[in-house]
Amino acid sequence: MREGKLPDHILESAVLRPARARGPQIERGPGVGWDAARLHPQPGGRALAMGQGLLAEPEDMDGLWIKAANNLTAGGGRPEIGMLSLCLARDVEGRSLGRWMCRAAEAARRLGMELAGGDTKVAGRGMALAPGHIFASLLVMGDALPAPARRPRAGDALLVCGTVGLEGAGILACRRRRELEGAFGAFFVEEMADAANRTSTADMALAAWEAGALAMHDGSWGGILAALWELGEALGLGFSADMASIPIRQAEVELCEFFHINPYKLLSGGCLLMCAEDGEALMASMRAKGYAAAVIGRLEEGRSRRLSMVGAKAGEAAALERPGEDALYKALPC
């Protein structure tokens, strides 16, 4: 398999179908396009979401907590606590582990959460971890928000809140700094690298739910195009979307042109895809709170997923392809 996100047809057949939630305690279990599980449909229910990754530095804890909180809030929960499980490379020492855990607790508190517990082990001889690395799995929990008034349906608006490609661009700025500084200068690269620290969408998601969002999906691996496909799968609907309406910074466009990659297929932590009955009202509400937001299309009956490409003639549209490898991997050295 390719590196990165599991193809959705394999995810569905090999992972989700065997694990499909059937108990009455589960309101919404695992599925393509859903970022969190919801427990207990009655008021006072709970929501759960996970994040995981191979971490090389204590600072990597920040991104782990941000991703898990993004998933929970996009899935309709308010983050409260986290349970952190760690598997350590054999050379990680106690003093070093203490720095990792201090960073984890700080990251949780910055997001309004507390680290409530977890599990810590050292990797066995049969598990290959790079020296000094930690594999982390984080479960975050919180109250489920009130369910939307209804399910999304054909005619509802599609919106993007935040700018696409932000997280992937930040990673590239850090990993290929020397080349980018030669092409764009140190200030451009430093500003781009700093963008990777601004990928939390928790407050954005909570504001959007309050303002009338009917469904939401975190923009992540595979970029905004993968998020569109996955939300369509989750809702069982088609859509038409205008690529030119999707918010993107010129800096991300220039960086992606430099690496010859598609910015709309680039890791997009920091943005949310959502739908609403009144897209203009939700867009105005989010802009009033300081977020970039745009109506990009409409949900439609059936399974057709059509994109009006940038620069295309009026009426011309292309079919959205099934998500593939994230553009990030095409630009990173092997």
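This report walks through the nonpolar cores, a helix pair and an open sheet in a predicted model.

## Two nonpolar cores

Let's start with the largest nonpolar core, which has 26 residues. The members that touch the most others are Met61, Leu64, Trp65, Leu84, Leu86, Leu138 and Val140. At least two residues each come from β3 (46-55), α2, β4 (77-88), α3 (94-110) and β6 (134-144), and α2 gives the largest share, with six residues.

Trp65 is a nice place to zoom in. Beyond its neighbours within four places in sequence, Trp65 has contacts that include Gly82, Ala104, Leu111, Met113, Leu138 and Val140. A second, separate core holds 24 residues, among them Val160, Leu228, Phe239 and Leu273.

## Helices α2 and α7

Helix α2 (residues 60-74) packs against helix α7 (residues 202-210) at an angle of about 5 degrees, and their axes are 8 Å apart. The two helices are therefore roughly parallel to each other. On the α2 side, Asn70, Thr73 and Ala74 make the contact, while α7 brings Ala202, Ala205, Leu206 and Trp209. Five of these contact residues are nonpolar, two are polar and none is charged.

## The seven-stranded sheet

Follow the open sheet across and you meet its seven strands in the order β8-β10-β7-β11-β9-β12-β13, with mixed pairing. β8 (215-218) and β13 (318-319) sit at the edges with a single partner strand each, so one side of each has no neighbour in the sheet. Strand β12 (residues 305-308) pairs with β13 in the antiparallel sense over two bridges, and Leu307 stands opposite Ala318 in β13.

Two helices to look for here are α7 and α10. α7 packs on the sheet by touching β7 (157-161), β8 and β10 (272-276), and its direction makes about 170 degrees with that of β8. Helix α10 (residues 279-288) touches β7, β10 and β11 (293-300), with its direction at about 155 degrees to that of β11.

Definitions and conventions:
Residues numbered from 1 in each chain as written. Predicted model: local features only at pLDDT ≥ 70, side-chain atom pairs only at ≥ 80, totals over all residues. Heavy atoms only, no water. Axes fitted to C-alpha atoms, helices over the stretch in contact; angles between N-to-C directions. Helix = DSSP H or I, 4+ residues; strand = E, 2+ residues; numbered from the N terminus. Parallel < 35°, antiparallel > 145°, perpendicular 65-115°, else oblique. Contact = heavy atoms within 4.5 Å. Nonpolar A, V, L, I, M, F, W, Y, C, P; charged D, E, K, R; others polar. Core = buried A, V, L, I, M, F, W, Y, C linked by side-chain atoms within 4.5 Å. Buried < 20%, exposed > 50% of the residue type's maximum accessible area, 1.4 Å probe, protein only. Pairing = 2+ DSSP bridges.
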